[in-house]
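Me: I would like to learn how to read a structure like this one, feature by feature. Where do we start?

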Amino acid sequence: MASDHSTETGDARGPEHTADGHHVVIDGRRWRATDPSIPDAFRQELVDELMAARRAVKTQDSDARRRVQDAKTALGERGEPWWEDRSGDGFDERIAAALRALTRKRNESSICPSDVARTVGGESWRAVMPDVRRVAAALADRDEIVVTQKGEPVSIREARGPVRIIRGPRL
């Protein structure tokens with residue numbers, strides 16, 4: 001049975017991976033691999049946002065490079081290694097990047113905090129929900145996101161029950 005990570009170049013499944021699966025090898029150069037614990041639907045949204053941001057770089061959009069950074073950090077390709085402990089400031093930055101990237105991607109709709117937790121938390125995503133809410137509160141304080149409940153803006157620190165997150169005026 002084939003492994004999840006290709007070790008042969010030219011394989012239909014994608015680029016060559018290092019033995020530990022942490023990096024891909026392209027033209028002899030190692031690059032950090034995308035976190036394999038990201039569910040496919042969220043990974044695809046982040047890849048779509050990354051590609052849109054890269055196109056925006058070519059058109060010299062002033063926010064494009066930050067968008068690229070956020071998408072790559074959310075994917076686990078930058079920042080703290082995804083295979084290490086999921087805690088601390090580096091993990092908080094990955095949560096923030098995922099919040100920003102997903103809200104940009106869904107510009108006309110909202111995201112659920114659990115979408116972010118599933119993106120960055122792997123199988124133990126429920127355990128990172130308090131971290132997602134805490135980081136979301138900080139982003140809301142900076143007007144990068146707006147937290148809503150039943151369509152009305154609320155403080156995520158005080159809201160009980162399900163909330164949604166939309167793009168804020170400063171994002």
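Reply: Start with the naming of elements. Helices are DSSP runs of H or I with at least four residues, and they are numbered from the N terminus. Under that scheme Ala53 lies in helix 1. Keep in mind that this is a predicted model.

Me: Is Ala53 buried or exposed?

Reply: The cut-off for buried is under 20% relative accessible area. Ala53 has 0% relative accessibility, so Ala53 counts as buried. Leaving out residues up to four places away in sequence, Ala53 touches Ala64, Arg67 and Val68.

Me: Which residues does Val57 touch?

Reply: Val57 is also placed in helix 1. With residues up to four places away in sequence not counted, Val57 touches Ala64, Arg65 and Val68. The class of Val57 is partly exposed, because its relative accessibility is 23%.

Me: How should I read separation along the chain against separation in space?

Reply: Take the two values side by side for a pair of residues. Val57 and His23 are 34 residues apart in sequence, and their C-alpha atoms are 25 Å apart in space. For Ala53 and Ala140, the separation along the chain is 87 residues and the C-alpha atoms are separated by 23 Å.

Me: How is the packing of two helices described?

Reply: Two packed helices are described by the angle between their axes and the distance between the axes. Here, helix 1 (residues 40-58) packs with helix 3 (residues 88-105) at an angle of about 80°, and their axes are 9 Å apart. Helix 1 and helix 3 are therefore roughly perpendicular to each other. On the helix 1 side the contact is made by Glu45, Leu46, Asp48 and Glu49, and on the helix 3 side by Ala101, Leu102, Arg104 and Lys105.

Me: How many nonpolar, polar and charged residues does the contact of helix 1 with helix 3 have?

Reply: There are 3 nonpolar and 5 charged residues in that contact, and no polar ones.

Me: Why is helix 2 described as largely enclosed by the rest of the structure?

Reply: The argument is a count of buried residues. In helix 2, 8 of the 11 residues are buried, so helix 2 is largely enclosed by the rest of the structure. The buried residues are Ala64, Arg67, Val68, Asp70, Ala71, Lys72, Thr73 and Ala74. Their cover includes helix 1, helix 3 and helix 4.

Me: That list holds a lysine. What is Lys72 in contact with?

Reply: Lys72 sits in helix 2. Its relative accessible area is 12%, so Lys72 is buried. Leaving aside neighbours within four places in sequence, Lys72 is in contact with Leu50, Arg54, Glu77 and Arg78.

Me: How many residues does the largest nonpolar core have?

Reply: A nonpolar core is a set of buried nonpolar-type residues joined through side-chain atoms within 4.5 Å. The largest one in this model has 35 residues, and those with the most contacts inside it are Ile95, Leu99, Val116 and Ile165. At least two residues of this core come from each of helix 1, helix 2 (64-74), helix 3, helix 4 (113-121), helix 5 (129-141) and strand 4 (145-149). Helix 3 supplies the largest share, 8 residues.

Me: Which residues does Leu99 touch?

Reply: Not counting residues up to four places away in sequence, Leu99 touches Ile111, Val116, Val132, Val135, Ala136, Leu139 and Ile165.

Me: What about backbone torsions: what sign does phi have in most residues other than glycine?

Reply: Most residues other than glycine have a negative phi. Asp27 has a positive phi, near 50°. Asp27 lies in the loop between strand 2 (23-26) and strand 3 (29-32), and at a relative accessible area of 82% Asp27 is exposed. Lys150 also has a positive phi, near 55°. The loop between strand 4 and strand 5 (152-153) holds Lys150, which counts as exposed at 84% relative accessibility. As for glycine, Gly76 takes a positive phi of about 90° just after helix 2.

Me: One last case. Where does His17 lie?

Reply: His17 lies in strand 1 (residues 16-17). Its relative accessibility is 15%, so His17 counts as buried. A polar atom of the His17 side chain lies 3.1 Å from the backbone oxygen of Pro15.

Notes:
Residues numbered from 1 in each chain as written. Predicted model: local features only at pLDDT ≥ 70, side-chain atom pairs only at ≥ 80, totals over all residues. Heavy atoms only, no water. Buried < 20%, exposed > 50% of the residue type's maximum accessible area, 1.4 Å probe, protein only. Polar contact = N/O pair within 3.5 Å; in protein donor to acceptor, adjacent residues only side chain to side chain. Axes fitted to C-alpha atoms, helices over the stretch in contact; angles between N-to-C directions. Parallel < 35°, antiparallel > 145°, perpendicular 65-115°, else oblique. Contact = heavy atoms within 4.5 Å. Nonpolar A, V, L, I, M, F, W, Y, C, P; charged D, E, K, R; others polar.
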